[in-house]
Amino acid sequence: MHDSSIAVLSSGSCGNSILVSSDETSLLVDAGISCKELERRLSLFGTDPSRIDAILLTHEHTDHNRGAQRFCRTHGVPLYGTEGTLALTPHDDAKRVTLSRRRAFEVGDVSVQPFPVMHLAADPVAYSLTIDEEKLSIASDLGCLTKGVVDEMTGATILMIEANYDDAMLRIGSYPSFLKKAILSDHGHLSNDGAGDLSIQAASDSLRDIVLLHLSKDNNRSDIARDTVSSRIDEAMPNVRVTPTEHGSHSGPFRLR
Ligand SMILES: [Zn+2]
Ligand SMILES: [Zn+2]
C-alpha cells in the first residue's frame, strides 16, 4: 500500500506550487515561486529536489511558472504542459512534454488526468492525480464551474480548490472596477461561494479533505473562506475537513491514504 502525501509549497497570487509524493514518484503541480524558494520549501517537507520527476504546469501565468525554467534546468526535470502553456513559458533546453488537455498519462506510479478550465490563459488545465486508486484533484484559477470540471473532480479523496475571494470583500474593496470585473468574470477566479458550490457538486463518499487554494491577500481571509465552505457542506458532510491555505505560505502535508 502506498503512503502518499501532498504538500502546498505556496499558494496565492505571489506563487503556487504543490508537491505530490507517492512511494515511487514525486512531482510538482506548478512552480510559481523561485527555484531557490522551491528548493527551500521542498526541504521543509524532507524532499530533495533530485527526487522530483516532473513539473506539471496548469497555465503560463507567472504565479504558476516563475521557477519552472531554472528548476528544470538545474535538476534535469521534464516540464509538462499544454501546447499553449509551454509556448508561453520560458524553458531553455529543459525537456518538455506536451500534453493534450483531456488525455490521461502516467508519471511513474501516478496517473494524471488533465482537464480544461475557463481561466483567461492560453490553454489552461487542472489535474486529477490517482495513486493506488486514491484520487486527488487540484484546480485553482478556475474562472467558473463547468459540468466538465465537476465531473472530473467527483470521486476525489482530497479536493484542492480555488477560493480566491469573498464576494463582499471584493465588491467593497479598493480594486479598480476593471480588475473587479475581470476577477468576477467567468474567466477570472472562483469565490468562496464558488468553492462551496464545487465542494457540494463534486462530493462523494470518498471525500475526506477539502483544501482551499489561491486565497487573495486583499479580498479574502482564511477564516472567512473556511467558514463559507464549511457552512455549505457541514450538514451533508460533517466529517470532511476544510483547510484554508494562507497567502504565500506552505501547508500540509495532507495524506491521501
Ligand atoms: Zn492565472
Ligand atoms: Zn494564479
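What follows walks through the two sheets of this predicted model, the helices that pack on them and the core.

One sheet is open and has seven strands in the order E6-E5-E4-E3-E2-E1-E14, with mixed pairing. Its edges are taken by strand E6 (96-98) and strand E14 (251-255), each of which pairs on one side only. Going from one strand to the next, the twist averages 20°. At the E14 end, strand E1 (residues 5-10) pairs with E14 in the antiparallel sense, over three bridges, and here valine 8 sits opposite serine 251 of E14. Helix H1 (residues 35-44) lies across E1 and strand E2 (17-21), and its direction is at about 140° to that of E1.

Further into this sheet, E2 and E3 make a hairpin, with four residues between the two strands. They run antiparallel and are joined by four bridges; in one of the pairings, serine 21 has serine 26 of E3 as its bridge partner. On its other side, E3 runs parallel to strand E4 (residues 54-56), with three bridges joining the two, and leucine 28 stands opposite isoleucine 55 in E4. To get from E3 to E4 the chain passes through H1, and this β-α-β crossover is right-handed. As for burial, strand E3 (residues 26-29) is covered on both faces: Ser26 and Leu28 are buried on one side, Leu27 and Val29 on the other.

Now for the other sheet. This one is also open, with seven strands in the order E7-E8-E9-E10-E11-E12-E13 and mixed pairing. Strand E7 (105-107) and strand E13 (241-244) stand at the edges with a single partner strand each, so one side of each has no neighbour in the sheet. Neighbouring strands are turned by 20° against each other on average, direction ignored. Within the sheet, strand E9 (residues 125-131) and strand E10 (residues 134-139) run antiparallel and are held in register by five bridges, with tyrosine 127 finding its bridge partner in isoleucine 138 of E10.

Two helices are worth a look on this second sheet. Helix H9 (residues 222-233) packs on the sheet and touches E12 and E13, its direction making about 155° with that of E13. Helix H8 (residues 192-202) lies across strand E11 (158-162) and strand E12 (209-213), running at about 155° to E11. The buried residues of H8 are Asn192, Gly194, Ala195, Gly196, Leu198, Ser199 and Ala202. Their cover includes helix H5 (147-153), E11, E12 and H9.

That leaves the core. The largest nonpolar core has 64 residues, and those with the most contacts inside it are Ile18, Ile55, Ile161 and Leu212. Strand E9 supplies the largest share of this core, with five residues. Isoleucine 18 gives a view of the surroundings of one such residue: leaving aside its neighbours within four places in sequence, isoleucine 18 is in contact with Ile6, Val8, Leu9, Leu28, Val29, Asp30, Ile138 and Met160. Several of these names have come up already: Val8 as the residue opposite serine 251, Leu28 as the residue opposite isoleucine 55, and Ile138 as the bridge partner of tyrosine 127.

Note on methods. Residues are numbered from 1 along each chain as its sequence is written. Chains are lettered from A and ligands numbered from 1 in the order in which they are written. This is a predicted model: local features need pLDDT of at least 70, side-chain atom pairs count only at pLDDT 80 or more; totals for chains, interfaces and linings use all residues. Two strands pair if DSSP finds at least two bridges between them. Axes are lines fitted to C-alpha atoms, for helices over the stretch in contact, and angles run from 0 to 180 degrees between N-to-C directions. Two residues are in contact if their C-beta atoms, placed from the backbone, lie within 7 Å. A nonpolar core is a set of buried Ala, Val, Leu, Ile, Met, Phe, Trp, Tyr and Cys residues joined through C-beta atoms within 7 Å. A residue is buried if 20 or more other C-beta atoms lie within 10 Å of its own, exposed if 12 or fewer, and partly exposed in between; C-beta atoms are placed from the backbone. A crossover is right-handed if, with the strands pointing away from the viewer, the path from the first strand over the helix to the second runs clockwise.
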